[in-house]
Amino acid sequence: MDKVVSAKRSGTKASAAVRPVPPTREEAEEAVRTLIRWAGDNPDREGLRATPARVVRAYEEWFSGYKDDPREYLKRTFEETGGYDEVVVLRDIRFESYCEHHMAPIIGRVHIGYLPHNRVVGISKLARLVEVYARRLQIQEKMTAEIAACVDEVLKPHGVAVVAEATHQCMTTRGIHKTGVSMVTSRMLGVFRDHAETRHEFLSAIGMRGAIHVANGA
Ligand SMILES: [Zn+2]
C-alpha cells in the first residue's frame, strides 16, 4: 500500500528542474531503517529503535536551507553609511554542510568581503546567508559561487569576494583517508576581480594574502 502511494507521489517525470514531492516522515524513517540494515545492523534492536526518527529530525536541521530564500536575508539594508567607501570584511564564518556526492560533512569557514555601493547589510545577515547555502547538499565550489552571486545581486556593491576553506569528511574518513587537508575555493567579482590591490586588501584581512590567484587578475 505504502509503495503504491509513494510511486504515485514521486511520479516518473521528475527532473532536476522540478523538485519532487517530498516523502512523508514515515517514508524517510523507513529509508533510514534500510540504511541501518545496509550497514549490517538490526534496526529493531533496542538501541536503534528510535534512531530513524532522530535521524529524520536531524535532517530537518542539517538541511533546513532548502526552506529559506537567501535573498530575503539581505533585503534589509542600511543606506546611511556616512560616506563609508571602504571594503567590509566578515571573516571566519563557521559553516557545516554536506557534500552532495557522499552526504558526508563539510566543515569550514567562509570569509566575505564587499565594497559597498551606498548600501550595507547587518553582519548577522551575511552569516545567515552562509548558513542557508550551507544547509543544503553542496559542493564547496558551488556554495562559494552562490554566496558571492547572492551578495552581488541583492546589494549591488562595487565588488564581492568570497573565500571558503573546509575539510571534507568524505576525504578524511573514507577513500584516500587524508587528514589535515583543507580545500580552499574563492570567487571574486567586480573590483576584487579587476583590481589586484583591492583583492590583496581583502586577502590580507583574512590572512590569505598570496594564497589566491585570480585568472584574469591585474
Ligand atoms: Zn564527498
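Which are the buried residues of H6? Keep that question in mind while the whole chain is in view; the model is predicted, and the tour returns to H6 after a short look at the chain and at H2.

Begin with everything displayed and coloured by secondary structure, where the chain shows 9 helices and 7 strands. Of its 218 residues, 25% count as buried, and among the contacts in the chain with a separation of 6 or more, 66% are accounted for by residues 24 or more positions apart.

Select residues 25–39 next, which form helix H2. The 15 residues of this helix should span 21 Å at 1.5 Å a residue, and the agreement is good because the end C-alpha atoms are 21 Å apart. Just after H2 comes Gly40, which takes a positive phi of about 110°. Move on to Asp41, found in the loop between H2 and helix H3 (51–62); because there are 13 C-beta neighbours inside 10 Å, Asp41 counts as partly exposed. If residues up to four places away in sequence are not counted, Asp41 touches Ile36 and Leu48.

Now select Ala104, in the loop between strand S2 (88–99) and strand S3 (105–115). Ala104 has 16 C-beta neighbours inside 10 Å and therefore counts as partly exposed. With neighbours within four places in sequence left aside, Ala104 is in contact with Tyr98, Cys99, His168, Gln169 and Cys170. Adding Leu137 to the selection gives a pair 33 residues apart in sequence whose C-alpha atoms are 9.4 Å apart in space.

From the other end of S3, go to Asn118, which lies in the loop between S3 and strand S4 (120–121). The phi of Asn118 is near 70°, a positive value in a residue other than glycine, and since 15 other C-beta atoms lie within 10 Å, Asn118 is partly exposed.

The opening question can now be taken up by selecting residues 140–155, helix H6. At 1.5 Å a residue, its 16 residues should span 22 Å, and the end C-alpha atoms, 23 Å apart, agree with that. The buried residues of H6 are Gln140, Met143, Thr144, Ile147, Ala148, Cys150, Val151 and Leu155. Looking down the axis of H6, one finds these buried residues within an arc of 160°, so they line one face of the helix. The general background is that an α-helix has 3.6 residues a turn, so residues three or four places apart point the same way.

Keep H6 displayed and add helix H5, residues 123–134. The two helices pack at an angle of about 140°, with their axes 10 Å apart, and H5 and H6 are therefore oblique to each other. The crossing in which H5 passes H6 is right-handed. To see where the contact is made, select Leu129, Val130, Tyr133 and Ala134 on H5, together with Met143, Glu146, Ile147 and Cys150 on H6. Met143, Ile147 and Cys150 are also among the buried residues of H6.

For the last stop, step past the end of H6 to Lys156, which follows the helix with a positive phi near 45° although Lys156 is not a glycine. Lys156 has its place in the loop between H6 and strand S6 (159–168), and Lys156 is partly exposed because 15 other C-beta atoms lie within 10 Å.

Technical notes: Residues numbered from 1 in each chain as written. Predicted model: local features only at pLDDT ≥ 70, side-chain atom pairs only at ≥ 80, totals over all residues. Helix = DSSP H or I, 4+ residues; strand = E, 2+ residues; numbered from the N terminus. Expected span 1.5 Å × (residues − 1). Buried ≥ 20, exposed ≤ 12 C-beta atoms within 10 Å, placed from the backbone. Arc of directions from axis to C-beta. Axes fitted to C-alpha atoms, helices over the stretch in contact; angles between N-to-C directions. Parallel < 35°, antiparallel > 145°, perpendicular 65-115°, else oblique. Left-handed = near helix turned anticlockwise from the far one by under 90°. Contact = placed C-beta atoms within 7 Å.
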